[in-house]
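Please open the structure in a viewer and keep the selection tool at hand. The tour below proceeds stop by stop, stating what to select and what is found there.

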Amino acid sequence: EGEIADRELSEGGPFQVACSFFMLFMMLQYYDDTGELASKCNQSHIKDIARLRANCGFVEISRGGRLERVFFQIPAVCKYLTRAAKDNILQYVNRDNHQDQMLDFVDRGTVRYEEMVHLQELDTMLIYRCFRVFSKHLDLLFFLNAILINTIILFAYQYKDSQYVTLLSMDNIVIDNTPSQLLLAFSAIQLVICIIRIAGYYVEVGVLRVKRRLLTMDNPVTEEEYGGPRYYFHFWCILMTDGYFLLLFLYAASASAAIALHSSNSLFYFLMGFHLFDMFNIFPALQNVVAAVRFRVSTLLQTCCLGFIMMFIYSAIGFVFFADKFEFEEAEIQDGYRQQYNVNSARCDTIWKCFLVTVDMGLRKGDIGGAIDDVQWRDLYPGTWQMSCESFPGLEYLGCMGLGGDDVSPFIFLRIAYTSTFFVFIDTILVNIIFGVIIDTFSDLRETNEEMAEEMEHRCFICGIERYLFEINSSDGNGFDRHIAEDHNAWVYLFFIVHLMRKDVDEQT
């Protein structure tokens with residue numbers, strides 16, 4: 001009853017007449033000093049007042065130095081302004097100053113008008129109306145089904161004996177027939193849901209985005225080229241660069257692979273674990289985490305590239321000076337002889353292996369020194385003779401510590417410089433720069449959202465007047481809420497823009 005009427009009712013003659021009389025009644029009550037008309041503006045006197053209020057609006061305009069109220073019937077197409085579209089407008093509107101805010105609001109409203117018209121046309125099809133009934137629950141259903149599938153995977157898979165497997169032989173991992181059949185059934189359901197989500201997104205959003213991009217290209221696709229090779233080439237290029245569509249496509253591909261290949265290897269069901277990432281689509285708080293990375297992705301990538309370049313330099317240094325020291329464990333002993341090469345250790349016999357060890361140990365453990373055998377403080381050089389220290393080394397025994405004398409090992413100083421600078425430049429500075437960028441961006445996003453929420457709560461979006469001015473001038477202390485709901489409802493102003501766009505030019509004044 002309190003919603004915008006559909007097109008059939010809104011454009012019908014009787015309802016338009018009712019709206020015209022109601023708008024006349026609302027207009028006259030502002031000139032009635034006795035308050036008699038205002039007292040009759042209720043359901044006891046106007047039976048369908050809730051529907052009439054929802055379909056009639058007014059805006060305030062300045063004409064000849066006077067503030068006037070212009071009443072209009074809200075077009076039926078405004079019914080298709082979604083909550084997501086409203087949130088998007090409020091989040092991304094330019095708030096540098098009030099004038100820019102209103103101009104950007106009008107521009108964004110014009111863009112959303114195309115979406116509303118598109119959704120209205122879709123609503124004329126029965127199959128879309130049926131889809132719209134349950135489409136709002138598809139995302140949650142998809143995520144819950146993914147949790148169910150991965151719960152079965154968690155408890156159903158096991159080893160059939162004590163022998164573990166490698167990537168080349170996985171036959172030792174088994175699953176009983178009943179859980180396998182359940183996984184197949186739920187994976188099929190998951191695939192169906194995913195296909196429906198892809199179709200819904202493509203029909204509701206994808207087609208319109210592709211059309212908009214085709215028209216704004218440097219060399220736009222003309223209407224004569226629609227249906228031709230160039231049209232379909234750009235069509236799929238644009239669609240496959242849409243992040244959300246590509247994510248849904250990967251969901252469908254992983255589910256299809258799990259179903260198609262389960263008979264040859266049941267481990268393909270592990271691909272369904274990828275579907276749990278849809279939790280970012282379910283919980284808005286996690287979307288801020290993704291946004292914190294996405295907004296600074298260029299800075300993060302450049303910093304990571306710098307880090308890999310530095311680790312490559314350190315791996316080259318390690319290859320030259322510490323090739324025989326890059327190992328995790330002692331060499332194997334066979335037949336009483338110590339082997340020179342241990343296949344279980346990570347020796348640095350190539351720069352590529354040095355680089356892998358540097359990345360693994362340097363980043364994972366935060367200490368590249370953990371990949372290097374201890375360098376002795378004293379070393380024996382050809383042509384020199386070393387004496388063992390007979391007492392605890394002190395200042396007079398610096399040579400015993402490798403800090404002076406003829407038996408000094410230069411590698412200890414190089415190792416100290418190598419591991420210390422790696423720790424300082426990469427593990428401390430570079431890694432903390434990356435974390436700092438993410439944390440600062442997340443903090444900035446949170447502050448921006450808080451400032452936006454505070455501004456919406458304490459300042460009128462249309463006129464920009466502070467909340468307290470309405471509160472101190474109202475008898476019940478609720479003047480601001482009543483003002484933004486009745487006098488300056490932002491969405492009513494957007495509906496007025498739509499009203500002007502649909503109005504015949506000859507009828508505009």
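Which residue's side chain meets that of R459 in a salt bridge? Select R459 and E466: their side chains form the salt bridge, with an N to O distance of 2.6 Å. The model is a predicted one, and the distance is computed from its atoms. R459 is partly exposed, with a relative accessible area of 31%, and E466 is also classed as partly exposed, at 27%.

**The largest cavity**

Keep R459 selected and add R95, H98, Q101, E455, M456, C460 and F461; together these residues line the largest cavity. The space inside the largest cavity is about 30 Å³, and one cavity of 30 Å³ or more is counted. Colour helices α6 (98-122) and α16 (410-458), since each of them supplies at least two residues of this lining. By class, the lining consists of three nonpolar, two polar and three charged residues.

**Along helix α6**

Next, select R108 and D104, which form a salt bridge whose closest N and O atoms are 3.0 Å apart. Both residues belong to helix α6, and because they are four residues apart there, about one helical turn separates them. Is each partner buried or exposed, or something in between? R108 is partly exposed, with a relative accessible area of 26%, whereas D104 is buried, at 16%. The cut-off for the term "buried" is under 20% relative accessible area.

**From helix α6 to helix α9**

Select E115 and R212. These two form a salt bridge in which the closest N and O atoms lie 4.0 Å apart. E115 is in helix α6 and R212 is in helix α9 (residues 177-215), so this pair ties together parts that are 97 residues apart in sequence. Both count as partly exposed: R212 has a relative accessibility of 27%, and E115 one of 22%.

Which residues do salt bridges with shared partners join to E115 and R212? Add R112 and E114 to the selection: with E115 and R212 they make up one network. In the whole structure, a search finds 18 salt bridges.

**The second largest pocket**

Clear the selection and choose Q16, Q73, P75, H499 and K503. Among the 17 residues that line the second largest pocket, these five lie nearest its centre. The elements that each give two or more residues to this lining are α2 (13-29), β2 (66-73) and α19 (490-502). Which element supplies the largest share? Helix α2 does, with four residues. The second largest pocket has a volume of about 420 Å³, and its lining comprises eight nonpolar, four polar and five charged residues.

**A nonpolar surface patch**

For the last stop, show the surface and select L246, F249, L250, F274, F277, F280 and V290. These residues make a nonpolar surface patch of about 560 Å². Where does the largest share of the patch come from? Colour helix α11 (residues 243-261), which contributes three residues, the largest share. L246 lies in helix α11 and is partly exposed, with a relative accessible area of 31%. Because residues of a patch must have over 30% relative accessible area, the value of 31% places L246 above that cut-off.

Terms used
Residues numbered from 1 in each chain as written. Predicted model: local features only at pLDDT ≥ 70, side-chain atom pairs only at ≥ 80, totals over all residues. Heavy atoms only, no water. Patch = residues over 30% accessible without salt bridge, like charges linked within 9 Å, V, L, I, M, F, W, Y side chains within 5 Å. Areas by Shrake-Rupley, 256 points an atom, 1.4 Å probe, with all protein chains shown as cover. Buried < 20%, exposed > 50% of the residue type's maximum accessible area, 1.4 Å probe, protein only. 1 Å grid on protein atoms, 1.4 Å probe; cavity = no way out; pocket = protein on both sides within 12 Å on 5 of 7 lines; lining within 4 Å. Points joined across faces, edges and corners; volume = space filled by probe spheres on them. Nonpolar A, V, L, I, M, F, W, Y, C, P; charged D, E, K, R; others polar.
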